[in-house]
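Dear colleague,

I am passing on the structure below, as agreed. My notes on it follow the coordinates.

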Amino acid sequence: MVSITVDQSINTDDVNVANGTPAFIVKVTNNATGRTYQDIIVYEKEEIKGSEGTTLHKKVTFSNLPEGEYTVAQVPVSRYLSVVENSESTTTTVEAHEDITVSYTATRYERRNYSDCGTAE
């Protein structure tokens, strides 16, 4: 059995907690069986406050997986694009014959479409 860890990072300069806390949905799918595992990574307001200008990391681990080929993906969310480190893709395929880590980096996009007032324009 193996584990796949997803290491999610975000720069706090890309976070405006008035828009809500950043949350990322992670899916790991066994390519042979089609079985999918999901989890959510959430950065709480308390973690972000006082961390301005730094990069925060959170991890989620999918344990006790059978060895094999897996697709690791992030479900698209509003306000952020999260891609596999050193690529432009939200999905990667990995051979899991030992414990591995897949790193994602999130950046905020379409800033002009989000406000922190009660009315969206």
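The notes below cover the sheet and then one residue in it.

Please bear in mind that this is a predicted model.

The sheet

The sheet is open and has four strands, which run in the order S4-S1-S8-S6 with mixed pairing. The edge positions are taken by S4 (55–65) and S6 (80–84); each has a single partner strand, so one side of each lacks a neighbour in the sheet. From one strand to the next, the twist averages 20°.

The pairing of S1 (residues 2–11) with S8 (residues 100–108) is parallel and comprises seven bridges. Within that pairing, Val6 has Val102 of S8 as its bridge partner, and Ile4 lies opposite Ile100 of S8. On the pairing of S8 with S6, the sense is antiparallel, with five bridges. Here Val84 is found opposite Tyr104 of S8.

Asp7

Which residue deserves a separate look? Asp7, which belongs to strand S1. Asp7 is buried but makes no salt bridge. Its nearest side chain of opposite charge is that of Lys59, at 4.5 Å, and the cut-off for a salt bridge is 4 Å between a side-chain nitrogen of Lys or Arg and a carboxyl oxygen of Asp or Glu, so the pair does not count as one.

Beyond its neighbours within four places in sequence, Asp7 contacts His57, Lys58 and Lys59, and also Thr101, Val102, Ser103 and Tyr104. Val102 and Tyr104 were mentioned above, as the partner of Val6 and as the residue opposite Val84.

Regards

Conventions. Residues numbered from 1 in each chain as written. Predicted model: local features only at pLDDT ≥ 70, side-chain atom pairs only at ≥ 80, totals over all residues. Heavy atoms only, no water. Pairing = 2+ DSSP bridges. Helix = DSSP H or I, 4+ residues; strand = E, 2+ residues; numbered from the N terminus. Axes fitted to C-alpha atoms, helices over the stretch in contact; angles between N-to-C directions. Buried < 20%, exposed > 50% of the residue type's maximum accessible area, 1.4 Å probe, protein only. Lys, Arg positive; Asp, Glu negative; His and termini not counted. Contact = heavy atoms within 4.5 Å.
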